[in-house]
Amino acid sequence: LLLITETGSLTSPFFFLCYFLLFAVAMLYEIEATLVLTGTFILYFLFLPGTSLSDFAHLSQLVALVMITPLAILTGHQYEASLEQKVLTKSLSRHLLHEESDVLLFLSLNLKRTLLSSLDSLSVLIPQTRVRDLRQSLTTLYSDLKTLYRSADELQQVIDRETDR
């Protein structure tokens, strides 16, 4: 304010710095702070000895301060919303990464191990079975478990590829 006042107050070439300050305050603080700053600027410049409301240049600068305030508040609100969106995106990606870890652990530790154990047991049991219908059922079960094991392996690869992107 000292620089602006010393270089011509409302007709100062540095008056635009007030606009930058309004935008900065709108981005960093609440709406009330921006409104108070605008009011303070207007009162400050109104009570300066050289200010004349009959002069169009002085009046237009004061009106411009009032008119720029909603734009500064809107910009500050959009900035806050984008920051919240970034935080939400990071939180969601951390959650998805945790979910991916849980699924991959289940696939590699539980499902695939159990399927391999079942397949090994069936591969030993099928040749020892003498009853034809039972052997047929065990063979069908063996092929179903084998298909399930392949699909679990494919699912693990798909999850790896999707989360690596």
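R135 touches I126, T129 and R130, leaving aside residues up to four places away in sequence. R135 sits in helix α5, which covers residues 132-164. At 34% relative accessibility, R135 counts as partly exposed. Its C-alpha atom lies 8.8 Å from that of L125, ten residues away in sequence. That is one spot in a predicted model. Now for the whole chain.

The protein has five helices and zero strands. Read along the sequence, the pattern is α-α-α-α-α. The radius of gyration is 36 Å, well over the 15 Å that the globule rule gives for 165 residues, so the protein is more spread out than a compact globule. The C-alpha trace tells of the outline too. Along the principal axes, the trace spans about 110 × 25 × 25 Å.

Next, the surface. Buried residues make up 25% of the 165 residues. The accessible surface comes to about 11600 Å². Carbon and sulfur atoms account for 65% of that surface. The protein carries 12 positive and 17 negative charges. The mean positions of these two sets are 22 Å apart.

How do the contacts spread along the sequence? Take those between residues at least 6 apart in sequence: 63% of them join residues at least 24 apart.

Now the interior. In soluble globular proteins, nonpolar side chains tend to be buried together. Here the largest nonpolar core has 17 residues. Those with the most contacts inside this core are F15, C18, L22, F41, F45 and L65. Three helices each supply at least two residues of the core: α2 (16-28), α3 (31-46) and α4 (56-128). Helix α2 gives the most, with five residues. C18 shows how the pieces meet. Not counting residues up to four places away in sequence, C18 touches I4, F41, F45 and L65. Apart from this core lies another, of six residues. Among its members are L115, L122, L138 and L145.

Two threonines come next. T69 is in helix α4, and T38 is in helix α3. T69 is buried, with a relative accessible area of 4%. T38 is buried as well, at 6%; the cut-off for buried is under 20%. Beyond residues up to four places away in sequence, T69 touches L22, T34, L35 and T38. With that exclusion, T38 touches L22, L65, V66 and T69. L22 is thus named in the contacts of T69 and in those of T38. T38 also gives a sense of span. The C-alpha atoms of T38 and T139 are separated by 82 Å, and their positions lie 101 residues apart along the chain, counted as sequence separation.

Back toward the start of the chain is S9. S9 is in the loop between α1 (2-6) and α2. S9 has a positive phi of about 50 degrees, although it is not a glycine. Is S9 buried or exposed? At 10% relative accessibility, S9 counts as buried.

Two leucines of helix α4 remain. L107 is in helix α4, and L119 is in helix α4 too. L107 counts as buried, at 3% relative accessibility. L119 is buried with a relative accessible area of 8%.

What does L107 touch, residues up to four places away in sequence aside? Its contacts are K112, A152, L155, Q156 and I159. Of these, A152, L155, Q156 and I159 carry numbers that fall in helix α5 (residues 132-164). The C-alpha atoms of L107 and K146, 39 residues apart along the chain, are separated by 15 Å.

L119 touches Y142, L145, K146 and Y149, again leaving out residues up to four places away in sequence. The numbers of these contacts also fall in helix α5 (residues 132-164). L145 is one of the residues of the six-residue core. The C-alpha atoms of L119 and Q136, 17 residues apart along the chain, are separated by 15 Å.

Key: Residues numbered from 1 in each chain as written. Predicted model: local features only at pLDDT ≥ 70, side-chain atom pairs only at ≥ 80, totals over all residues. Heavy atoms only, no water. Helix = DSSP H or I, 4+ residues; strand = E, 2+ residues; numbered from the N terminus. Rg over C-alpha atoms; globule rule 2.2 N^0.38 Å. Buried < 20%, exposed > 50% of the residue type's maximum accessible area, 1.4 Å probe, protein only. Contact = heavy atoms within 4.5 Å. Areas by Shrake-Rupley, 256 points an atom, 1.4 Å probe, with all protein chains shown as cover. Lys, Arg positive; Asp, Glu negative; His and termini not counted. Charge placed at Lys NZ, Arg CZ, Asp CG, Glu CD. Core = buried A, V, L, I, M, F, W, Y, C linked by side-chain atoms within 4.5 Å.
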